[in-house]
Amino acid sequence: MERVVERPELANAGPRAVLAAVTRQLGIDNLRSVEAKDFHVTREGEETLLSVDYQVQEHIGYNVDVLMHFQHAVRQPRP
C-alpha cells in the first residue's frame, strides 16, 4: 500500500485509478490472500486514505483453524 500512495501520478487520481494500481501491485507482490475488493479509497480534505480490512482463515490441523484479521491504512497528501 505504501508503494501505491508514493506514486506521484496517483496524487490527484480517482478511486478507480488507485484501486487499479493496488491490483497491479498485488500481482507484482504475488499476494493472493487479499483482493482489490478488500481495499477502500476515501478522500479526507486534502488527503487520500487507502485502507484495507480483511480476514484469512487457515487450517492448522485436525479440527483447529486460525482466523487472522488484518487492518491497515495509509494516507496520501494531495500536492
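This report describes the fold, strand pairing, core and selected residues of one protein chain.

## Overall form

The structure is a predicted model. Its secondary structure consists of two helices and three strands, and read from the N terminus these elements follow the order α-α-β-β-β. The C-alpha trace extends over about 55 × 25 × 15 Å along the principal axes of the protein. The radius of gyration is 15 Å, whereas a compact globule of 79 residues would have a value near 12 Å.

The accessible surface of the protein amounts to about 5600 Å², and carbon and sulfur atoms contribute 52% of it. Of the 79 residues, 30% count as buried. Among the contacts with a separation of 6 or more, 40% are made by residues 24 or more positions apart.

## The strands and their hairpins

Strands S1 and S2 run antiparallel and are joined by six bridges. Within this pairing, His40 has Ser51 of S2 as its bridge partner, and Thr42 stands opposite Leu49 in S2. The two strands form a hairpin with two residues between them. In the turn of this hairpin, Gly45 has a positive phi of about 65 degrees.

Strand S2 also pairs with S3: 14 bridges join these two strands, which run antiparallel. One position in this pairing is Asp53, which stands opposite Gln71 in S3. The hairpin of S2 and S3 likewise has two residues between the strands, and Tyr62 there takes a positive phi near 50 degrees.

## The nonpolar core

A general tendency is useful as background here. In soluble globular proteins, nonpolar side chains tend to be buried together. In this model, the largest nonpolar core has 16 residues. Those with the most contacts inside this core are Val4, Val18, Val22, Val34, Phe39 and Leu50. Two or more residues of the core come from each of helix H1 (2–5), helix H2, strand S1 (39–44) and strand S2.

Phe39 illustrates how parts of the chain meet. Apart from its neighbours within four places in sequence, Phe39 is in contact with Met1, Leu19, Val22, Leu26, Val34, Leu50, Ser51 and Val52.

## The aromatic pair

Which two rings form the aromatic pair of the structure, and how are they arranged? The structure holds one such pair. The ring centres of Tyr54 and Phe70 are 5.0 Å apart and the planes meet at 20 degrees; planes under 30 degrees apart count as stacked, so this pair is stacked. The pair links distant parts of the chain, with Tyr54 in strand S2 and Phe70 in strand S3 (residues 64–77), 16 residues apart. Tyr54 is buried, while Phe70 counts as partly exposed.

## Individual residues and their surroundings

The table gives the relative accessible area of five residues from the helix and strands.

| Residue | Relative accessible area | Class |
|---|---|---|
| Thr48 | 2% | buried |
| Gln25 | 9% | buried |
| Tyr54 | 14% | buried |
| Phe70 | 34% | partly exposed |
| Ile60 | 61% | exposed |

Why does Thr48 count as buried? Buried means under 20% relative accessible area, and Thr48 has 2%, so Thr48 meets this limit. Thr48 is placed in strand S2. Not counting residues up to four places away in sequence, Thr48 touches Val41, Thr42, Arg43, Val74, Arg75 and Gln76.

Gln25 belongs to helix H2 (residues 15–28). Its relative accessible area of 9% is under 20%, and Gln25 is therefore buried. Beyond its neighbours within four places in sequence, Gln25 is in contact with Arg3, Val4 and Arg7. Of these partners, Val4 is also among the residues with the most contacts inside the largest nonpolar core.

Ile60 is found in strand S2 (residues 47–61). Is this residue buried or exposed? The value for Ile60 is 61%, and exposed means over 50%, so Ile60 counts as exposed. With its neighbours within four places in sequence left aside, Ile60 is in contact with Asp65 and Val66.

## Summary

Strand S2 is joined to S1 by six bridges and to S3 by 14 bridges. Strand S2 also gives two or more residues to the largest nonpolar core, as do H1, H2 and S1. The stacked pair of Tyr54 and Phe70 provides a link between strands S2 and S3.

Note on methods:
Residues are numbered from 1 along each chain as its sequence is written. This is a predicted model: local features need pLDDT of at least 70, side-chain atom pairs count only at pLDDT 80 or more; totals for chains, interfaces and linings use all residues. Side-chain values use heavy atoms; hydrogens and water are left out. Helices (H or I, at least four residues) and strands (E, at least two) are DSSP runs, numbered from the N terminus. Buried means under 20% relative accessible area, exposed over 50%, partly exposed in between (1.4 Å probe, protein chains only). Contact means heavy atoms within 4.5 Å. Rings of Phe, Tyr and Trp (its six-membered ring) pair if their centres lie within 6.5 Å; planes under 30 degrees apart count as stacked, over 60 as edge-to-face and the rest as tilted. A nonpolar core is a set of buried Ala, Val, Leu, Ile, Met, Phe, Trp, Tyr and Cys residues joined through side-chain atoms within 4.5 Å. The radius of gyration is taken over C-alpha atoms; the globule rule is 2.2 Å times the number of residues to the power 0.38. Accessible areas come from the Shrake-Rupley method with a 1.4 Å probe; for residues, only the protein chains shown count as cover. Two strands pair if DSSP finds at least two bridges between them.
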